[in-house]
Amino acid sequence: MIGYRLCQTKKAKNPYFIENISTNIYTMEELCFYMSQNLYLLDETILNGGLILWLKEELGLTALARRLEKLLEDKASMAELILPVMKEIQYLNQAEQKALQQNLKQMEEQPALMRRKKKGDYLVGYRKYGNALRVYGDALKDAREDPQAEPAFCGSVLHNMGCAYARLFQMEEALSCFKQANELLHSRTSLKSYLSAIYLLKSREEFQEKAGQEKADDTLICEIEGEVLREEKDGAADGEVTDEMLTSMTEEYHKNTGW
């Protein structure tokens, strides 16, 4: 996708409200951009009768609205719903359209639980932590009831729930999630997240005690202490978990686990 696009279509007098991220959009370009960049957030909260009515009444796109209405009635796939919107204003060039179709295909081939987790991850990216926690919670509940769900999946959801709770300053809930994630995975990466949270949210003494109980090696302990000291040096308040620290924890977790 290119960095920006000049809006050349009609601007709506009344915006369409995207519930997931609490954002108003006014043009087809904005709608296409949102759709192309947020495939995992495309659900009934945006692809519904309200969108069809907005396209027809605010932008005068009667034919497109009629087509989408029929597709919704026929329970069309995500690709079948999105591509007509993109083609209406030739938003994508040929290469971009091919890439989008490939991304849609890959997404639709993923298990439903994975798609729901990804939706939560996208909501965290928009700082919609409450919405993300609801999505994560539902995915975790269903995963725990599914005998085929892998412990690593549940651990990944719990880890990201911990990050979301920390960003909402709900520290006890955050620690509980990190603890459960580590109990499921028993990996160096999950232990690092858990111990880092104890250091940041509790105290150095409790961190050292728990590190001993968990038999953390000296290299990991020094690594955590170094990162916390850098946070404090950069101005983080005592006991504060910064977005930078949480983002780093999440990125490292996914890099090392693949979830």
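## Cavities and pockets

On a 1 Å grid over the protein atoms alone, a cavity is a set of points where a 1.4 Å probe fits but cannot get out, and a residue lines it by having an atom within 4 Å of a point. A pocket is an open set of points with protein on both sides within 12 Å along at least five of seven lines. Volumes are the space filled by probe spheres set on the points, which are joined across faces, edges and corners.

Before we look around, note that this is a predicted model, in which local features need pLDDT of at least 70 and side-chain atom pairs 80 or more, while totals for chains, interfaces and linings use all residues. Residues are numbered from 1 along each chain, and side-chain values use heavy atoms, without hydrogens and water.

## The enclosed space

How many cavities of 30 Å³ or more are there? The count comes to one, and the largest cavity has a volume of about 40 Å³. Its lining is made by Leu47, Asn48, Leu51, Ile52, Leu68, Leu72 and Leu81. Helix 2 (49–57) and helix 3 (62–73) each give two or more residues to this lining; helices here are DSSP runs of H or I with at least four residues, numbered from the N terminus.

By class, six of these lining residues are nonpolar, one is polar and none is charged. Ala, Val, Leu, Ile, Met, Phe, Trp, Tyr, Cys and Pro count as nonpolar, Asp, Glu, Lys and Arg as charged, and the others, Gly among them, as polar.

## The open space

The largest pocket has a volume of about 300 Å³. Among the residues lining this pocket are Leu39, Tyr40, Asp43, Met78, Glu108 and Arg115. Helix 6 (112–125) and helix 5 (94–109) each supply at least two lining residues, and the largest share, four residues, comes from helix 6. The pocket lining has six nonpolar, no polar and six charged residues.

## A helix with two sides

Helix 12 (residues 218–233) has 16 residues and reaches 22 Å from its first C-alpha to its last. That is close to the expected 22 Å, which is 1.5 Å times one less than the number of residues.

Which residues of helix 12 are buried (under 20% relative accessible area with a 1.4 Å probe, protein chains only)? They are Leu220, Ile221, Ile224, Glu225, Glu227, Val228 and Glu231. These residues cover an arc of only 160° around the axis, so they sit on the same side of helix 12; the arc is that of the directions from the helix axis to the C-beta atoms. The face turned away carries the exposed residues (over 50%), including Asp218, Cys222 and Lys233.
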